[in-house]
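Visitor: Could you take me slowly through one part of this molecule, and then show me how that part relates to what lies around it? I am in my first year, so please go step by step.

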Amino acid sequence: MGSVVLSLDAELGWGFHDLEDPPENRVESGRRGWSVMVDLLDEFDVPATWAVVGHLMLTDCDGRHADHPAPPGWFRRERGSWADREELRFGPDLVTDVLEADTDHEFASHSFSHVLFGDERTDRELASAELRRATEIADDWGQTVDSFIYPRNDVAHREVLAEYGVSAYRGKSPTRDGVRGVFDSTVRDQSMLVQPELDEYGLVNVPASQFLFGFEGPARTVAESIWTDPMLEVARRGIDEAARSDGVFHMWLHPNNLTSERDDRRMRAILAHLERRRSAGDLTVETMGEVAERVHRSRGIGAGGTDERAAAGTN
């Protein structure tokens, strides 16, 4: 039996604060899309991995974070043009909605302030500070961080994740996004399934399969007028393939991708198809943390990446 994983990069303004010209429609859609996704996932009883930027769980701050070894100017927008936009910088109400949802979601981390781990300015000290602050805030909320999603999928400093007790991360997709990905899936019939793997740090890499909003703008409009929503078609193919095999189809998105009812309809159609296949009994839905647990069990590794045989002195 195959499985489907759905992960969300929950970031509000933090996903754009370092950009010179942030996309206004997405910046302003973060809260709307977050609430829509919580409701849709409850409606279809689909548990997801919500990777939350730690700063969103705060209720206030000075905008400077002097004890954080971030690059110069990193928090400039927070204390400048967004100083009076608390709804972009804080979201404890939205995090509470996820944690108190009827569906049993996985709480995960998307770092503290959306630092790019692969950037040349991000040394081990900064990566560690991002994980340390994120896990401290999670602990204040009674949560653990078992899964991590790298900001902009910029995978690096995996050893730091292991140091802070993380079990899984979302790795880079082996398939292409956008138009090329649609072509690979629908014309070349390329598989969208991935195989989670245990890396040298004891972390489980749960690679992405499909970014659900990688085909937008005029190209999407044209495709829908003569065919169908390309991302919906690829998602259906991936879900169906997972139902026929034992691989993993890992979909992901940002809540801020839902900028209109048109985007809501895409997600509703994808989740409805997933529910139909799951109800048929040939498919399961997992969180990233559950995938990691399954991989660790298959390797004789206990919670936290500890080899139970080694711990018992029997290896």
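Guide: What follows is a close look at helix α11, and then at the core, a surface patch, another helix and a loop. Please keep in mind throughout that this is a predicted model.

Helix α11 runs over residues 261-279, which makes 19 residues, and the distance from its first C-alpha to its last is 26 Å, close to the 27 Å expected at 1.5 Å a residue. Many of its side chains can be followed inwards, for the buried residues of α11 include Met267, Ala269, Ile270, Leu271, Ala272 and Leu274. The list of buried residues is not limited to nonpolar ones, however, since Asp263, Asp264, Arg266, His273 and Arg278 also belong to it. As for what these buried residues pack against, the partners are the strands β1 (2-10), β9 (248-253) and β10 (283-286), together with the helices α2 (30-44), α9 (217-226) and α10 (230-244). Just after the helix comes Gly281, which takes a positive phi of about 90°.

One residue of α11, Leu271, leads us on to the core, for Leu271 is among the residues in contact with Leu6. Leu6 in turn is one of the residues with the most contacts inside the largest nonpolar core, a set of 76 residues, and it shares that standing with Trp34, Met37 and Trp50. Leaving aside its neighbours within four places in sequence, Leu6 also touches Met37, Leu41, Ala48, Thr49, Leu212, Met251, Trp252, Leu253 and Glu286. Apart from this largest core lies another, of 13 residues, among them Val194, Val206, Val291 and Val295. In soluble globular proteins, nonpolar side chains tend to be buried together.

Two valines let us compare a buried place with a partly exposed one. Val98, in helix α5 (residues 92-99), has a relative accessible area of 6%, and because this is under 20%, Val98 counts as buried. Beyond its neighbours within four places in sequence, Val98 is in contact with Trp34, Val38, Trp50 and His105, and two of these, Trp34 and Trp50, were named above among the residues with the most contacts inside the largest core. Val222 sits in helix α9, and at 49% relative accessibility it counts as partly exposed. Together with Ile226 and Trp227, Val222 forms a nonpolar patch on the surface, whose accessible area comes to about 350 Å².

For a second helix to set beside α11, look at α6 (residues 124-140), whose 17 residues should span 24 Å at 1.5 Å a residue, and whose end C-alpha atoms are indeed 24 Å apart. Among its buried residues are Leu126, Ala127, Leu131, Ala134, Ile137 and Ala138, as well as Ser128, Glu130 and Thr135, and what covers the buried residues includes β3 (106-109), β4 (147-148) and α7 (158-163). After α6 comes Gly142, with a positive phi near 75°.

Finally, the loop between β4 and α7 holds Arg152 and also His157. Arg152 has a positive phi of about 55° although it is not a glycine, and the description fits His157 too, with a positive phi of about 55°. As for their surroundings, Arg152 counts as partly exposed at 36% relative accessibility, whereas His157 is buried, with a relative accessible area of 18%.

Technical notes
Residues are numbered from 1 along each chain as its sequence is written. This is a predicted model: local features need pLDDT of at least 70, side-chain atom pairs count only at pLDDT 80 or more; totals for chains, interfaces and linings use all residues. Side-chain values use heavy atoms; hydrogens and water are left out. Helices (H or I, at least four residues) and strands (E, at least two) are DSSP runs, numbered from the N terminus. The expected span of a helix is 1.5 Å times one less than its number of residues. Buried means under 20% relative accessible area, exposed over 50%, partly exposed in between (1.4 Å probe, protein chains only). Contact means heavy atoms within 4.5 Å. A nonpolar core is a set of buried Ala, Val, Leu, Ile, Met, Phe, Trp, Tyr and Cys residues joined through side-chain atoms within 4.5 Å. Patches are made of residues with over 30% relative accessible area and no salt bridge: like charges are joined within 9 Å, nonpolar side chains (Val, Leu, Ile, Met, Phe, Trp, Tyr) within 5 Å. Accessible areas come from the Shrake-Rupley method with a 1.4 Å probe; for residues, only the protein chains shown count as cover. A salt bridge is a side-chain nitrogen of Lys or Arg within 4 Å of a carboxyl oxygen of Asp or Glu.
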